[in-house]
Amino acid sequence: MSAEGEPANSPLLAVGQLTKLFGTFAACDGINLDIRPGEIHALLGENGAGKSTLVKMLFGVLAPTSGEIIWQGQAVRINSPSTARKLGIGMVFQHFSLFEALTVAENIALSMNPGVSLSRIAKEASDLSHAYGLPLDPNAHVADLSVGERQRIEIVRALLQNPKLIILDEPTSVLTPQEADRLFETLNKLKAEGRSVLYISHRLEEVQRICDRATVLRHGKVTGACDPRKETPSSLARMMVGSDVAHVSAEGTSAKGAVKLEARHLSASARTPFAVSLKNICLKVHAGEVLAIAGVAGNGQGELFDALSGEYPVANDDVILIADKPVGTRGINARRLMGAGFVPEERHGHAAVSALSLSDNLVLARSQSDRRAFLGGGVLGLIRQDAVKMAAKRISEAMDVRKSGENPPAGSLSGGNLQKFIVGRELDRQPTVLIVNQPTWGVDAGAASRIRQALVDLAKSGSAVLVISQDLDEIFEVATEIAVISEGRLSDIYPASDLSREKIGLLMGGMYGKTGTAETAHAH
Amino acid sequence: MRIELERRPDVSKLFSILSPFIALGLTLVFGGIMFMLLGKDPLSALYSFFIEPLTEVWSLHELAIKAAPLILIAVGLSVCYRSNNWNIGAEGQFIMGAIAGSILPVVFYEWQSPLVLPLMMLLGMMGGALFAAIPAFLKAHLNTNEILTSLMLVYVAQLFLDWLVRGAWRNPGGMNFPETRTFDATAILPEMIASGRAHWGFGFAILAAILIWFMMRYTLKGFEITVLGQSERAGRFAGFSSRKMIWFSMLLSGALAGLAGIAEVSGAIQQLRPVISPGYGFTAIIVAFLGRLNPLGIVVAGLVLALTYLGGEAVQVSLQISDKPIRVFQGLLLFFVLSCDTLIHYKIRMMWFDLTDTTADGVR
Ligand SMILES: Nc1ncnc2c1ncn2[C@@H]1O[C@H](COP(=O)(O)OP(=O)(O)OP(=O)(O)O)[C@@H](O)[C@H]1O
Ligand SMILES: [Mg+2]
């Protein structure tokens, strides 16, 4: 083994002047970086800084335009993920690539060399997952698993290849705090075994907690390296963004106005075996309010969004009211025409179509609400490209969306920048009711505070805002009222000032203040 | 060993454009080899297959006649395929359109009026659309697979036509041949220009291609088709209904296939026979993909595929071989088009059995 002869602190991986051009746009521009054996190395940077692009080059998903990659002292060309795996590099992408209908073991087998029996893979995966504190049932179907468990499959899949370096791209943005703690324990175990971890995250507290060194990217260039333990979250944020991150200010919040959005005993049965049914949900959002719905992912948030948005209308008209008008059976565009705006959780393939340009993605959400501005030609329904492009430009500027061209496909934007566009798309029309599911996942600290501020400002200007979020920090920053969703039921609504994290934690467990006896969870 | 397709990091723009031409080139090479194996001189065979039909005015007219149904059908199919509805049964819709349009000249043959032709065309479109409504209904309401249902209905249509021309609609003065009576002059689609046989079907095809191209490019309907084809969920977010899109795309492509059917019968054959199509409905699938599902590309692709029909007939006469080479050529062309497109996006990797090879060496 070549590694043994080398001095202990010679880098495992060194990157020299690595550059990636998309057309003339440099997503990564002469990056130098080294990763030592046995360290957890953080890669920080605002949205669009080039983090994902860099690690995709290290894993052979993107080809570098120029520069070199040195692995254990030898220059290598990594032209495919299987080459990277052979070298000893494993990667966990932010967006999972799992087949829902297959079992855990079958999914793992797909990425392994052929010829290994499924039972052996199942056994190895199960042993390994227990050894690293990531328990997994190899015979479970992926569709039945939570996001955290799915991520474990990806991690175990990477670990089975016995990698020396593991790359994690924003792994915790989809995890609950408990799941994240588990993950950190695993990472520390890996580190103790002498493996290295390259860790991308926008959550600076956790970077401080687990990382040994950090490299900061900005506009595709390395702008600094530091020991995160010697910094504070705000000094780290300053290094990333180049200026201080503004605090969300909720001051001067207006008094409650009329009820703009209401659900009365809303119930909806689950559409698929893996969905959650909504049970007797009652809520009211007044003008000037931000109601935040907290809860662990997979407790009916998506289903609640579907029902309130009208993507899946419900059977009765009068269980959902927008501005006092019953809309339960109306579709999403009818609700938009009444002044409502919607931001779903999933960016790709739900809020936006990756292959279409930003201006087309603007038409996607606003073809009816902005009919007069965006469509011409009467019944022909001609799309007025110039008007749409101008509006898209206006939104990009207002939200500071960084992109590599005038009107690029949505899929080429970095995750956080696309999110800014999708939120801006709704804010731009000043909706009287805005419903947002996970407004800032994958968004950097600066942009997250901008989005949150925009939500608060929208409420101040007299709109009703409903925010569904997993992130308690976010909830306390924006909310005037808070409720908790658990197994498809909604708790009472409390003023934000009356709630503490502990109280929310209790509510998440399903113990509602008023009923006293918590119903037993039904068995799966 | 296992063969894997691996997505390429970057897609070459140049090769995306060249791909149909490379596919054509490869088809020619392998077609030449096929002629060689048949013991014919490949160059002269290819010449009479691909070049000769283009050298005379009358055969250019034949080209337009054969291209018309291909283009009409393929343009409709492109809307289906772009919206993720896989109508494979255009052949059946073509036949049902031809039958429905022929009701006037066969059953009501005594009625002669300038209204007959337009009504025939309308009936043809309705016949094709109604026949496509069957798989549309099954998919929209029972969630069946439209590939299977639309394909199986082709055989129903073929047998129904066969039964009609041998039974109820057989020409009473036709000495028991399985044919209907020949159409009256008022029921025959006129020629487009004086120099030859090409009828207005070709005009319809070009018109349909331009209209659909316009719809896809400039209108909200076209946008809806694109979005629903890319992601049903995003379409739902936009307020588009994928169920309505099933109906729209299937009825549209059915109507265009039906129009192609009645135009072919009224313009070129002028009566119904047991077989009225040399597989136009299936060949149109190749045309749609060779034209990149773009209506203007489909016009070009339709002319190319029409040439394989003509060339096939030409070599049958000049080289004394069967009509099978046409099929082989079309198959080769589809195969190469699809594989060129695939190889632009993916590269092939051979995975040998190397179970434990995780060491650093051995990698370039
Ligand atoms: N395929 C592509 N074509 C054109 N531009 C691209 C492409 N992929 C990425 N980019 C651009 O490169 C820049 C860097 O993107 P990247 O995804 O690496 O950002 P990131 O640092 O991971 O951001 P985030 O934190 O938001 O995920 C972005 O401005 C993006 O628009
Ligand atoms: Mg990223």
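1. Which residue stands opposite L217(A) in β10(A)? That would be V222(A). Before going further, keep in mind that this is a predicted model. The two strands involved, β9(A) and β10(A), pair in the antiparallel sense, with 5 bridges between them. They make a hairpin that leaves 2 residues between the strands. One to check in your viewer is H219(A), which sits in the turn and has a positive phi of about 50°.

2. Now step back to the sheet that this hairpin belongs to. It is an open sheet of 6 strands in chain A, and reading across you get β6-β7-β8-β3-β9-β10, with mixed pairing. The edges are β6 (89-92) and β10 (221-226) of chain A, each pairing on one side only. On average, neighbouring strands here are turned by 20° against each other, direction ignored.

3. The mixed pairing is easy to see by comparing two strand pairs. In chain A, β7 (residues 165-169) and β8 (residues 196-200) run parallel and are joined by 5 bridges, whereas β9(A) and β10(A) are antiparallel. If you want a reference point in the parallel pair, look at I167(A), which stands opposite L198(A) in β8(A).

4. A helix packs on this sheet too: α2 (residues 51-58) of chain A. Helix α2 touches β3 (40-45), β6, β7, β8 and β9 (213-218) of chain A. The direction of the helix makes about 135° with that of β3(A).

5. On to the domains. Chain A is split into domain 1 (13-241) and domain 2, the latter made of two segments, 259-350 and 428-523. Taken over C-alpha atoms, the centres of these domains of chain A are 32 Å apart. Their contact involves 15 residues of domain 1 and 12 residues of domain 2 in chain A. Between them the two domains of chain A bury about 1,100 Å², with 57% of that on carbon and sulfur atoms.

6. What about polar pairing between those domains? The rule finds 0 salt bridges across the interface of domain 1 and domain 2 of chain A. For polar contacts, the count between these two domains of chain A is 1 residue pair, both residues being at pLDDT 80 or more.

7. Next, the contact between the chains. Here 31 residues of chain B are in contact with 50 residues of chain A. About 3,500 Å² is buried between chain B and chain A, 58% of it on carbon and sulfur atoms. The rule also finds 11 residue pairs in polar contact across this interface of chain B and chain A, with both residues at pLDDT 80 or more. On the chain B side, the elements that give two or more residues are β1 (2-7), α8 (201-218), α9 (220-230), α10 (232-237) and β2 (346-351) of chain B. Of these, α9(B) gives the most, with 5 residues.

8. Last, D306(A), which is worth a look. The count between chain B and chain A is 2 salt bridges, and one of the salt bridges here joins the side chains of D306(A) and R233(B) at 2.8 Å, N to O. D306(A) also forms a salt bridge with R271(A), where the closest N and O atoms are 2.9 Å apart. R271(A) lies in the loop between β11 (259-268) and β12 (278-286) of chain A and D306(A) in helix α10 (residues 301-309) of chain A, so this pair ties together parts that are 35 residues apart in sequence. For context, the structure holds 35 salt bridges over all chains.

Terms used: Residues numbered from 1 in each chain as written. Chains lettered and ligands numbered in written order. Predicted model: local features only at pLDDT ≥ 70, side-chain atom pairs only at ≥ 80, totals over all residues. Heavy atoms only, no water. Pairing = 2+ DSSP bridges. Helix = DSSP H or I, 4+ residues; strand = E, 2+ residues; numbered from the N terminus. Axes fitted to C-alpha atoms, helices over the stretch in contact; angles between N-to-C directions. Contact = heavy atoms within 4.5 Å. Domains from an automatic or database assignment. Buried area = accessible area lost by both parts, 1.4 Å probe. Salt bridge = Lys/Arg side-chain N within 4 Å of Asp/Glu carboxyl O. Polar contact = N/O pair within 3.5 Å; in protein donor to acceptor, adjacent residues only side chain to side chain.
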